[in-house]
Amino acid sequence: MSETARIAVVIPCYRDGVLAAQAVASIDEGEPVEIVVVDDASDDLPTEAALAGLEGNGVIVVRQRLNTGPGPARISGLAATTAPYVFPLDADDLAVPGALGAMADRLDANPDAVVCYGDYVEFGETELMRAVPDEIDPFRLAYTNEYPISAMFRRSALESIGLWPGMRAYEDWHVWMTFAERGLPGVHLGAGSPTYKRRLHGHRLLTAAKSHHSELYGQLRRDHPRLFAELGEHRRRSSMSRARQVIYPVLYGSRRRWGWEAHVKRMLDRVGLWTMRR
């Protein structure tokens with residue numbers, strides 16, 4: 001690890017040590033990268049062994065005594081790094097070789113941008129490219145989050161908004177809402193250039209959180225009053241089509257989520273409806 005690294009990768013890990021080791025191994029850049037794995041109080045032997053192996057190879061592992069959730073775990077990892085650009089990567093996801101450096105280059109070239117983000121690959125039973133909007137759109141974000149937490153953030157920007165809250169879910173949505181509410185700009189890496197690979201398996205935390213969606217979304221509304229107070233102006237400035245501007249408040253927002261919706265979404269994915277750029 002070099003003190004001159006411009007990129008830090010922070011990987012929270014809870015009972016996913018084997019996958020975390022795969023995530024670390026997937027980081028392949030032509031420059032130094034700070035890598036920190038945060039053990040969020042895992043209690044299983046495979047994770048213990050995998051993290052011990054990472055430490056033996058020089059990877060910093062921060063161990064927490066209490067399970068705090070991904071947001072506070074990322075904060076612990078951030079405190080153990082110094083690089084100006086920070087890329088959060090979940091333990092069960094993978095980096096794309098060369099993508100971290102490309103995103104850092106984009107931030108170097110766009111000093112006003114607080115984050116570089118882009119399209120990403122979902123893999124598991126099937127594999128597809130998930131499109132991410134070109135701009136940080138406050139109107140979209142008021143109803144649903146289509147932006148990944150695995151993006152290249154300026155450390156200074158994360159610190160200025162208070163980092164991640166102590167939420168057990170939707171903490172990434174909170175970050176993007178804060179950027180949108182404050183009018184902070186981002187930069188897209190480019191259509192079809194994957195920023196990372198997101199593994200779909202089992203019941204990820206976000207999937208489990210949907211049963212508490214109304215409560216969590218209500219908290220987001222209370223935390224971001226200005227964003228919702230200015231929805232009319234955000235709608236006028238949004239690049240979304242008129243049809244989507246009508247559909248999103250109906251499909252998303254505070255509406256209760258149902259288990260069968262995931263099956264419908266997979267069907268729409270097969271015909272490319274939600275994977276095309278929009």
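A residue is called partly exposed when its relative accessible area lies between the limits for buried, under 20%, and exposed, over 50%. The exercises below use that term for a predicted model.

**Exercise 1. Place Leu 251 in the fold and classify its exposure.**

Step 1. Find the element: Leu 251 belongs to helix α12, which covers residues 242-251.
Step 2. Take the relative accessible area of Leu 251, which is 32%. This value is neither under 20% nor over 50%, so Leu 251 counts as partly exposed.
Step 3. Look for a residue remote in sequence. Thr 144 is 107 residues away from Leu 251 along the chain, while the C-alpha atoms of the two are 9.2 Å apart.

**Exercise 2. State what the chain contains as a whole.**

Step 1. Count the elements: the chain has 13 helices and 11 strands.
Step 2. Consider burial. Of the 278 residues in the chain, 53% are buried.
Step 3. Consider contacts. Taking those between residues at least 6 apart in sequence, 78% link residues at least 24 apart.

**Exercise 3. Determine which residues of helix α1 are buried, and what covers them.**

Step 1. Helix α1 spans residues 17-25, and its buried residues are Gly 17, Leu 19, Ala 20, Ala 23 and Val 24.
Step 2. Examine their directions around the axis. The arc they cover is only 155°, so they lie on the same side of α1.
Step 3. Identify the cover. Strands β1 (7-13), β2 (33-39), β5 (94-95) and β11 (196-199) are included in it, as is helix α2 (45-56).

**Exercise 4. Work out the strand order of the sheet that contains β7, and its edges.**

Step 1. The sheet is open and consists of 4 strands, ordered β5-β11-β7-β8, with mixed pairing.
Step 2. Find the edges. β5 and β8 (127-130) each have a single partner strand, so one side of each has no neighbour in the sheet.
Step 3. Take the pairs in turn. β5 and β11 are antiparallel and share 2 bridges; within this pair, Ala 95 is bridged to Tyr 196 of β11.
Step 4. β7, residues 120-123, runs parallel to β11 and is joined to that strand by 3 bridges. On the other pairing, β7 and β8 run antiparallel, with 4 bridges.
Step 5. Follow Glu 122 through both pairings. Its bridge partner in β11 is Arg 198, and Leu 128 stands opposite Glu 122 in β8.
Step 6. Check the faces of β7. In a regular strand the side chains alternate between the two faces of the sheet. Tyr 120 and Glu 122 are on one side of β7, Val 121 and Phe 123 on the other, and all four are buried, which leaves both faces covered.
Step 7. Inspect the turn. The hairpin of β7 and β8 has 3 residues between the strands, and Gly 124 there has a positive phi near 160°.

**Exercise 5. Locate Arg 15 and Ala 41, two non-glycine residues with positive phi.**

Step 1. Arg 15 has a phi of about 60° and sits in the loop between β1 and α1. With a relative accessible area of 42%, Arg 15 is partly exposed.
Step 2. Ala 41 has a phi near 60°. Its loop is the one between β2 and α2.

**Exercise 6. Describe the second largest pocket and its lining.**

Step 1. The volume of the second largest pocket is about 300 Å³.
Step 2. The lining of this pocket comprises 18 residues; nearest its centre are Ile 136, Pro 138, Ala 180, His 234 and Arg 237.
Step 3. Assign the lining to elements. Helices α7 (171-181) and α11 (231-237) are the elements that contribute two or more residues.
Step 4. Sort the lining of the second largest pocket by class: 6 residues are nonpolar, 4 polar and 8 charged.

Note on methods: Residues are numbered from 1 along each chain as its sequence is written. This is a predicted model: local features need pLDDT of at least 70, side-chain atom pairs count only at pLDDT 80 or more; totals for chains, interfaces and linings use all residues. Side-chain values use heavy atoms; hydrogens and water are left out. Buried means under 20% relative accessible area, exposed over 50%, partly exposed in between (1.4 Å probe, protein chains only). The arc is that of the directions from the helix axis to the C-beta atoms. Contact means heavy atoms within 4.5 Å. On a 1 Å grid over the protein atoms alone, a cavity is a set of points where a 1.4 Å probe fits but cannot get out, and a pocket is an open set with protein on both sides within 12 Å along at least five of seven lines; lining residues have an atom within 4 Å of a point. Grid points are joined across faces, edges and corners, and a volume is the space filled by probe spheres set on the points. Ala, Val, Leu, Ile, Met, Phe, Trp, Tyr, Cys and Pro count as nonpolar, Asp, Glu, Lys and Arg as charged, and the others, Gly among them, as polar. Two strands pair if DSSP finds at least two bridges between them.
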